[in-house]
Amino acid sequence: VQLQASGGGLVQAGGSLRLSCAASGRTSSNYAMGWFRQAPGKEREFVAAIGWGAGSTYYADSVKGRFTISRDNAKYTVYLLMNSLKPEDTAVYYCAARVRPIVTRATMMGTAGYDIWGQGTLVTVSS
């Protein structure tokens, strides 16, 4: 399975972007999916995650109420709608897939819980 993230770009503070993560190869709609981000000089951090059935979603406190994760299983694509963007949201955003069957809230919110990573897409928010 390969993951391709897209949709990043330059946006002013208060603006919106929608990131997409398309899966190809031996894909399955049963994967839990997550978005992470990494700012320069910082560690990769959790942003949002969604279970395979889309019934479970999780968000970092820093993005709760502003970002929305969703998925279209027919298209093997996960989205991250980012509203009310702030300069501190500037980072490379990565999507990831968990192919292991056991999924818990803890595993979905940590980098170690994911098996496949996309290449990242840069989001820059200007003040």
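Colleague: Arg 71 has no salt bridge, so how far away is the nearest side chain of opposite charge?

Modeller: In this predicted model, Arg 71 is buried. A salt bridge needs a side-chain nitrogen of Arg within 4 Å of a carboxyl oxygen of Asp or Glu. The nearest side chain of opposite charge belongs to Asp 72, and its distance is 8.3 Å.

Colleague: Which side chain makes a polar contact with the side chain of Arg 71?

Modeller: Start with the backbone. The oxygen of Gly 51 lies 2.8 Å from a polar atom of the Arg 71 side chain. For the side-chain contact, the distance is 2.7 Å, and the partner is Asn 73.

Colleague: Where is Arg 71 placed, and which strand forms a hairpin with that strand?

Modeller: Arg 71 sits in strand E7, residues 67–72. Six bridges join E7 to an antiparallel strand. Within this pairing, Ile 69 stands opposite Leu 80. The hairpin partner of E7 is E8.

Colleague: Which residue in the turn of that hairpin has a positive phi?

Modeller: Four residues lie between E7 and E8. One in the turn has a phi of about 50 degrees. That residue is Tyr 76.

Colleague: What stands opposite Ser 20 in E8?

Modeller: Strand E3 covers residues 17–24. E3 and E8 run antiparallel, joined by six bridges. Opposite Ser 20 stands Tyr 79.

Colleague: How many residues of E8 are buried?

Modeller: E8 spans residues 77–82. Bridges join E8 to E3 and also to E7. The strand is mostly covered, and of its six residues the buried ones number five.

Definitions and conventions: Residues numbered from 1 in each chain as written. Predicted model: local features only at pLDDT ≥ 70, side-chain atom pairs only at ≥ 80, totals over all residues. Heavy atoms only, no water. Helix = DSSP H or I, 4+ residues; strand = E, 2+ residues; numbered from the N terminus. Buried < 20%, exposed > 50% of the residue type's maximum accessible area, 1.4 Å probe, protein only. Lys, Arg positive; Asp, Glu negative; His and termini not counted. Polar contact = N/O pair within 3.5 Å; in protein donor to acceptor, adjacent residues only side chain to side chain. Pairing = 2+ DSSP bridges.
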